[in-house]
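Student: I have a model open and would like to test the labels people attach to it. Could we go through them one by one?

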Amino acid sequence: MTTKAMEKAETIDIANARQVSQAYPGLAVVDERTAGLFGQELSQAFHGDFDVSASSVALQKCDAFLAELESPGCHNLLGLEALGGSGLFAIDNHLLFDLLERLFGGGGLPSNETGVEFDRPRFSSIEERVIRRIVRMFGRAMESAWRAMLPLTIRHVRVETKPTNAPIASPEDSI
């Protein structure tokens, strides 16, 4: 690296979400593009109108993040080799069972039904097939959105019902 390039180098505190979002505004565009493409795929596959958006970006300790997730729930461990690690794609139980209802000929769950009771330790083989299909749709959307910045391949490792069984980082790491 030349000294001129070193003079322009700037240290970024990755524990400061605001500083990261200002330093890499392209990541917000990638998030929005991923959400839009994923919404289109869901709409086509499940014959409905799905509006998906990126709500927020924040850094927090891994154990605090995992504690906020549904348990039991639908937590998918992803392999992100180009980014040097793993990711977690959680599907809300109500959304998952609404998609299953639509797939098997129903009109979806009633909108006034706020929660879905799910306390089984595992998903059925049919449910897992649908989950893998949804994760592949998300993976394609994410790969397409990242293509301009980094060739990325998303690999579905496994589905877990407990977020603590899907380790993406050590508990004290900021994610």
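Tutor: Gladly. This is a predicted model, where local features need pLDDT of at least 70, side-chain atom pairs count only at pLDDT 80 or more, and totals for chains, interfaces and linings use all residues. Residues are numbered from 1 along each chain as its sequence is written, and side-chain values use heavy atoms, with hydrogens and water left out.

Student: Is E128 buried or exposed, and what makes it so?

Tutor: Buried means under 20% relative accessible area, exposed over 50%, and partly exposed in between (1.4 Å probe, protein chains only). E128 has a relative accessible area of 16%, so E128 is buried.

Student: Where is E128 found, and which residues does E128 touch, not counting those up to four places away in sequence?

Tutor: E128 is found in helix α6; helices here are DSSP runs (H or I, at least four residues) and strands likewise (E, at least two), numbered from the N terminus. With contact meaning heavy atoms within 4.5 Å, E128 touches R122, F123 and V159, leaving out residues up to four places away in sequence.

Student: Why is H47 called exposed?

Tutor: H47 has 72% relative accessibility, and exposed begins over 50%, so H47 counts as exposed. H47 lies in the loop between α3 (25-46) and α4, and its phi is near 50°, a positive value in a residue other than glycine. Most residues other than glycine have a negative phi.

Student: Why is α5 called roughly perpendicular to α6?

Tutor: The axes of α5 (residues 93-103) and α6 (residues 125-146) cross at roughly 105° and come within 11 Å. Axes are lines fitted to C-alpha atoms, for helices over the stretch in contact, with angles from 0 to 180 degrees between N-to-C directions. Angles of 65 to 115 degrees count as roughly perpendicular, under 35 as roughly parallel, over 145 as roughly antiparallel and the rest as oblique. The crossing therefore makes α5 roughly perpendicular to α6.

Student: Which residues make that contact?

Tutor: From α5 come L96, F97, L99, L100 and L103, and from α6 come E127, V130, I131, R133 and I134.

Student: How do you know whether C62 and C74 are buried or exposed?

Tutor: C62 is at 0% relative accessibility, so C62 counts as buried. C74 has a relative accessible area of 0%, so C74 is buried too.

Student: How many disulfides does a search of the whole structure find?

Tutor: Zero, where a disulfide is a pair of cysteine sulfur atoms within 2.5 Å.
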